[in-house]
Amino acid sequence: MTVPAVIHGAVGAEIELRLPESGEVRLRVYDALGRQRAELIRRACSRGRTIVRWSPTESSGERLASGLYFLKLETSAGDQTHRVVLLR
């Protein structure tokens with residue numbers, strides 16, 4: 001997973017996933033307290049490259065505040081977590 005270290009809220013971000021095999025994929029956003037704030041993707045994806053576009057909002061559609069967030073990718077090949085800073 002390729003994620004920018006800093007995401008500017010007005011611009012958003014493209015998150016690149018490189019999947020070693022096809023299967024169910026989940027990409028979720030957590031705040032610094034461990035609360036899930038959004039689910040960016042939950043579907044079957046093909047092996048290879050997948051781009052996920054994120055304009056930093058919660059699942060409810062409200063804008064996320066500036067701060068530290070964690071993106072957690074879950075696949076059949078394993079899990080990855082990346083830290084990002086959101087600036088408004």
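The following exercises, each with a worked solution, explore a predicted model.

**Exercise 1. Work out in which order the five strands of the open sheet are arranged, and which strands stand at its edges.**

Solution. Begin with the order, which runs β1-β7-β6-β3-β4, with mixed pairing. Next, look at the two ends of this order: β1 (6-8) and β4 (36-45) each have a single partner strand, so one side of each is left without a neighbour in the sheet. From one strand to the next, the twist averages 25 degrees. Finally, take one edge in detail: β1 pairs with strand β7 (residues 78-87) in the parallel sense over three bridges, and the bridge partner of I7 in β7 is L86.

**Exercise 2. Find the strand that pairs with β2, and decide whether β2 is mostly covered or mostly uncovered.**

Solution. Strand β5 (residues 48-54) is joined to β2 by seven bridges, and the two run antiparallel. Within this pairing, L17 stands opposite T50 of β5. As for cover, five of the seven residues of β2 (residues 13-19) are buried, and the strand is thus mostly covered.

**Exercise 3. Compare the surroundings of L68 and L71 by stating for each whether it is buried or partly exposed.**

Solution. Place the residues first: L68 is in strand β6 (residues 67-75), and L71 lies in strand β6 as well. The cut-off for buried is under 20% relative accessible area. L68 has a relative accessible area of 32%, and is therefore partly exposed, whereas L71, at 0%, is buried. L68 joins V6, V85 and L87 in a nonpolar surface patch of about 270 Å². The contacts of L71, leaving aside neighbours within four places in sequence, include M1, V3, I15, L27, W54 and V84.

**Exercise 4. Trace what the salt bridge between R28 and E74 ties together, and then identify the residues that join D31 in a network.**

Solution. Side chains of opposite charge can pair when their charged atoms come close. The structure holds seven salt bridges, and one of them brings together the side chains of R28 and E74 at 2.1 Å, N to O. R28 lies in strand β3 (residues 23-31) and E74 in strand β6, so the pair ties together parts that are 46 residues apart in sequence. Both partners are buried, R28 at 11% relative accessibility and E74 at 18%.

For the network, note that R35 meets D31 in a salt bridge at 2.7 Å, N to O, and that E58 forms one with R37, the closest N and O atoms being 2.7 Å apart. E58 is in the loop between β5 and β6, while R37 is in strand β4, 21 residues apart. Salt bridges with shared partners join D31, R35, R37 and E58 into one network.

Key. Residues are numbered from 1 along each chain as its sequence is written. This is a predicted model: local features need pLDDT of at least 70, side-chain atom pairs count only at pLDDT 80 or more; totals for chains, interfaces and linings use all residues. Side-chain values use heavy atoms; hydrogens and water are left out. Patches are made of residues with over 30% relative accessible area and no salt bridge: like charges are joined within 9 Å, nonpolar side chains (Val, Leu, Ile, Met, Phe, Trp, Tyr) within 5 Å. Accessible areas come from the Shrake-Rupley method with a 1.4 Å probe; for residues, only the protein chains shown count as cover. A salt bridge is a side-chain nitrogen of Lys or Arg within 4 Å of a carboxyl oxygen of Asp or Glu. Helices (H or I, at least four residues) and strands (E, at least two) are DSSP runs, numbered from the N terminus. Buried means under 20% relative accessible area, exposed over 50%, partly exposed in between (1.4 Å probe, protein chains only). Two strands pair if DSSP finds at least two bridges between them. Contact means heavy atoms within 4.5 Å. Axes are lines fitted to C-alpha atoms, for helices over the stretch in contact, and angles run from 0 to 180 degrees between N-to-C directions.
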